[in-house]
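Biologist: Please take a close look at one helix of this model and at what surrounds it. Set it in the context of the whole chain, and go residue by residue where that helps.

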Amino acid sequence: MARINLVTTESANPEQKALYDAIHAKLGMVPNFLKVFANSPAALKAFLGLHGIAGDGSLDPQTRERIALALAQQNNCEYCLSAHTAIGRKAGLDGAEIEANRSGTSRDEKAAVAVRFARSLVAHMGEVTTAELLEMRDAGYSESDIVEVITHVGMNILTNLLGKAGRVDIDFPKVELKLAA
């Protein structure tokens with residue numbers, strides 16, 4: 001059960017309802033984590049703005065989902081893992097790729113570099129090495145791409161924190177976290 005209230009359609013004020021209408025028009029649903037964000041319309045608008053800007057960048061949808069899957073597993077967020085497994089499948093990732101992403105890599109060599117870099121950013125609170133930055137550049141990632149990976153990491157940490165702190169009820173097909181060996 002969620003530890004932070006969900007703002008339901010019935011309890012939403014006019015500002016929240018307008019945000020829900022926009023979200024529903026785009027996604028066909030309003031995921032529970034956005035209903036938690038809606039407790040603060042300002043926070044919801046900030047997240048949606050960042051998400052929209054980040055979605056317009058140069059990283060392809062598959063790489064964005066690979067990063068989200070890797071970080072959801074790394075940060076033990078079952079809500080985000082479930083959500084991004086469903087979204088990743090819609091973006092074209094198959095089961096083997098999703099498993100690779102959850103393990104911190106990818107079957108695509110270039111994407112594997114981005115996934116490792118994203119996980120390192122989290123593990124070391126941004127203190128990545130020069131060698132890791134060079135590996136990104138050598139794999140063909142531009143400075144813009146590197147900043148976008150960092151942006152996606154920040155966005156995913158935010159949603160992982162919200163999902164875990166709020167124990168948001170999973171409204172996607174549930175995916176179990178892998179336990180560390």
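Modeller: Of the 181 residues in the chain, 44% are buried. The model is predicted, and that applies to every value below. The part I have picked for the close look is helix 6, but the overall frame comes first.

The chain has nine helices and zero strands, so its pattern along the sequence is simply α-α-α-α-α-α-α-α-α. Its radius of gyration is 16 Å, close to the 16 Å from the globule rule for 181 residues, so the chain is as compact as a globular protein of that length. The C-alpha trace spans about 50 × 35 × 30 Å along the principal axes. Among contacts with a separation of 6 or more, 68% join residues 24 or more positions apart. The accessible surface is about 9,300 Å², with 57% of it belonging to carbon and sulfur atoms. As for charge, there are 19 positive and 22 negative side chains, and the centres of the two sets lie 5 Å apart.

Now the part itself. Helix 6 covers residues 95-102, and its buried residues are E97, I98, A100, N101 and R102. The cover over these buried residues includes helix 4, helix 5 (78-90) and helix 7. Both ends of helix 6 have a local feature that can be described. At the start, a side-chain oxygen of D94 comes to within 3.2 Å of the backbone nitrogen of A96. Just after the helix, G104 has a positive phi of about 95 degrees.

The approach to helix 6 runs through the loop between helix 5 and helix 6, where G92 is found. G92 is exposed, because its relative accessible area is 60% and the threshold for exposed is over 50%. In space, the C-alpha atom of G92 is separated by 6.9 Å from that of Q62, although the two are 30 residues apart along the chain.

Helix 4, part of the cover, spans residues 61-74 and contains Q73. Q73 has a relative accessibility of 8%, which is under the 20% limit, so Q73 counts as buried. Leaving aside residues up to four places away in sequence, Q73 touches L81, R102, L177 and K178. R102 is one of the buried residues of helix 6, which makes the contact between Q73 and R102 a direct link from helix 4 to the part under discussion. The side chain of Q73 also reaches the backbone oxygen of K178, at 2.9 Å.

Helix 7, also part of the cover, spans 109-123 and is followed by a loop leading to helix 8 (130-138), and M125 lies in that loop. The phi of M125 is near 50 degrees, a positive value in a residue other than glycine. Most residues other than glycine have a negative phi. M125 is exposed, as its relative accessible area is 74%. A comparable entry occurs later in the chain: R167, in the segment after helix 9 (143-166), has a phi near 45 degrees, again positive in a residue other than glycine.

Beyond that loop, M136 lies in helix 8. M136 has a relative accessible area of 0%, so it is buried. Not counting residues up to four places away in sequence, M136 touches V113, A114, F117, Y141, I146 and V149. Of these, V113, A114 and F117 fall in the range of helix 7, and I146 and V149 fall in the range of helix 9. The C-alpha atoms of M136 and M155 are separated by 20 Å, with their positions 19 residues apart along the chain.

Helix 9 also holds T159, which is buried with a relative accessible area of 7%. A polar atom of the T159 side chain lies 3.1 Å from the backbone oxygen of N156. Apart from neighbours within four places in sequence, T159 is in contact with F33, F47, C77 and C80. C80 falls in the range of helix 5, the helix that is also among those covering the buried residues of helix 6. For F47, the C-alpha to C-alpha distance from T159 is 9.1 Å, against 112 residues in sequence.

Key:
Residues are numbered from 1 along each chain as its sequence is written. This is a predicted model: local features need pLDDT of at least 70, side-chain atom pairs count only at pLDDT 80 or more; totals for chains, interfaces and linings use all residues. Side-chain values use heavy atoms; hydrogens and water are left out. Helices (H or I, at least four residues) and strands (E, at least two) are DSSP runs, numbered from the N terminus. The radius of gyration is taken over C-alpha atoms; the globule rule is 2.2 Å times the number of residues to the power 0.38. Buried means under 20% relative accessible area, exposed over 50%, partly exposed in between (1.4 Å probe, protein chains only). Contact means heavy atoms within 4.5 Å. Accessible areas come from the Shrake-Rupley method with a 1.4 Å probe; for residues, only the protein chains shown count as cover. Lys and Arg count as positive and Asp and Glu as negative; His and the chain ends are not counted. The place of a charge is taken as NZ of Lys, CZ of Arg, CG of Asp or CD of Glu. A polar contact is a pair of N or O atoms within 3.5 Å; within protein, one must be able to donate a hydrogen and the other to accept it, and residues adjacent in sequence count only if both atoms are side-chain atoms.
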